[in-house]
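Open the model in your viewer and keep the sequence panel in sight. The tour goes stop by stop, with a selection at each one.

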Amino acid sequence: MTQTAPHTSHQVSTDAFPMNGTDYVEMLVGNARQSAHFYQTAMGFQPLAYSGLSTGVKDRESYVLIQDKIRLVLTTPLKPGTDIGKLIDRHGDTVRTVALWVDDSRAAFATAIERGAESYFEPKEEKDDQGHVVRSAVKSYGDTVHLFVERSAYDGVFLPGFVAWEPEYRPGPVGLKYVDHMVANVDEGQMNKWVDWYANVLGFKQLISFDDKDISTKYTALMSKVMSNGNGRIKFPINEPAPGLKKSQIEEYLEFHGGPGIQHIAVATDDVVDTVTQLRNRGVEFLRVPDTYYDTLLDRVGEIDESIEPLRELGILVDRDDEGYLLQIFTRPIGSRPTVFYEIIQRKGATSFGKGNFKALFEAIEREQELRGTL
Ligand code: FE2
């Protein structure tokens with residue numbers, strides 16, 4: 001039995017409408033062409049689709065990349081004064097859209113609005129000779145939006161308006177499988193508002209909560225609650241800063257991002273040691289914990305299948321919840337601003353999150369904040 005996919009069948013679904021998983025994630029970036037190169041070369045994504053000048057779109061360009069179930073859209077403006085350009089000016093490269101795969105976009109939108117969501121755009125049908133999709137969207141924290149994508153009547157490469165992107169350059173994948181969770185940072189005092197939003201509007205359940213006693217170092221603290229849909233495929237932890245002696249990584253994010261947004265995208269692998277080895281060989285940089293983390297690892301998490309040495313060498317963290325354990329590691333921020341980063345995660349039975357790694361991780365981030373002069 002595979003232990004890496006979330007299995008939360010014991011959980012009773014309270015979803016406001018059927019949600020199958022993450023359909024795609026769209027990032028607004030300063031230079032989509034070069035970002036696409038990074039995602040191919042460093043992260044192992046495969047070219048999928050394109051829209052831009054050559055497809056008749058004059059004001060923006062998008063590259064779509066895929067790795068197993070993860071679809072990533074990179075969009076950049078092609079001229080000054082655009083809405084996208086303003087968002088990039090405020091946030092830097094940023095996750096703008098988390099698109100959810102639904103059965104019925106019109107029904108999803110109507111239900112979300114009825115349950116208190118604010119419209120971003122109303123349901124619209126888009127078609128080409130491959131069929132049609134229906135998309136609608138609501139606003140979430142900051143400038144983040146959730147799209148509801150219905151694509152059962154579509155056979156095209158991505159969405160109407162996109163053509164296949166088929167470059168000769170195709171480095172291989174690194175074993176990334178699906179989006180495990182996506183974490184939001186919101187302003188102090190706003191976490192519960194957004195927890196309630198996901199519960200009220202989408203019918204999500206709270207999986208777990210961590211307070212500032214769980215997540216604090218000598219200098220900084222934060223609080224976090226994890227919201228999940230019924231099938232466990234969509235998990236959104238929401239963080240807010242808690243008062244501490246120095247500026248927390250959450251406050252640093254909020255300052256450089258110019259408000260709330262997605263802090264990290266966690267992507268799952270079946271073999272974290274192999275995936276992280278490949279990513280490192282391709283130039284991806286990871287946060288390091290002190291070597292001493294591994295001296296007492298087995299005392300903290302119990303027996304694990306993996307041998308400690310490769311974990312220590314790569315800096316992979318191990319944590320445990322009630323159901324099993326998980327292995328995880330975090331990249332350094334991927335852009336110039338200390339904002340968005342990635343997590344690589346392998347689940348071995350654990351469907352939730354442990355709290356044992358927070359301290360080690362945050363101390364690692366604080367060492368980097370100190371170097372940036374932002375602690
Ligand atoms: Fe995470």
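Three words for accessibility come first: a residue is buried under 20% relative accessible area, exposed over 50%, and partly exposed in between, with a 1.4 Å probe and protein chains only. This is a predicted model, in which local features need pLDDT of at least 70, side-chain atom pairs count only at pLDDT 80 or more, and totals for chains, interfaces and linings use all residues. Residues are numbered from 1 along each chain as its sequence is written, and side-chain values use heavy atoms, with hydrogens and water left out.

**The whole chain**

Start with the cartoon. The protein chain has 9 helices and 17 strands. Both are DSSP runs numbered from the N terminus: helices are H or I with at least four residues, strands are E with at least two. The radius of gyration is 20 Å, close to the 21 Å that the globule rule gives for 375 residues, so the chain is as compact as a globular protein of that length. That radius is taken over C-alpha atoms, and the rule is 2.2 Å times the number of residues to the power 0.38. Along its principal axes, the C-alpha trace spans about 60 × 45 × 45 Å.

Switch to a surface. Of the 375 residues, 56% are buried. Now think about contacts, meaning heavy atoms within 4.5 Å. Among contacts with a separation of 6 or more, 69% join residues 24 or more positions apart.

**The iron ion**

Select the iron ion. Which protein atoms are its donors? They are His181 (NE2), His264 (NE2) and Glu343 (OE), at 2.0 to 2.1 Å from the ion. Along the chain their spacing reads H-x82-H-x78-E. His181 sits in strand 10 (residues 176–185) and Glu343 in strand 17 (residues 341–348), so this pair ties together parts that are 162 residues apart in sequence. Donors here are N, O and S atoms within 2.8 Å of the metal (3.2 Å for Na, K and Ca); water is not among the atoms, so sites may look incomplete.

Colour two of these donors by accessibility. His181 is buried at 2%. Glu343 is buried too, with a relative accessible area of 2%.

**Leu361**

Go to helix 9 (residues 356–372) and pick Leu361. Is Leu361 buried or exposed? At 8% relative accessibility, Leu361 is buried. Show its partners: Leu361 touches Leu287, Leu317 and Phe330, leaving out residues up to four places away in sequence. Then draw a distance to Val289: 72 residues apart in sequence, 6.8 Å apart in space, C-alpha to C-alpha.

**Asn20**

Next, select strand 1 (residues 19–28), where Asn20 lies. Asn20 is buried, at 17% relative accessible area. Beyond four places in sequence, its contacts are Trp101, Val102, Asp103, Asn231 and Arg233.

**Ile113**

Move to helix 3 (residues 105–114) and pick Ile113. Ile113 is partly exposed, at 31% relative accessibility. Apart from neighbours within four places in sequence, Ile113 contacts Glu118, Ser119 and Val138. Draw a line to Pro290: the two C-alpha atoms are 48 Å apart, across 177 residues of sequence.

**Asp68**

Last stop: the loop between strand 3 (60–67) and strand 4 (70–77), which holds Asp68. Check the backbone there. Phi of Asp68 is near 50°, a positive value in a residue other than glycine. At 43% relative accessibility, Asp68 counts as partly exposed.
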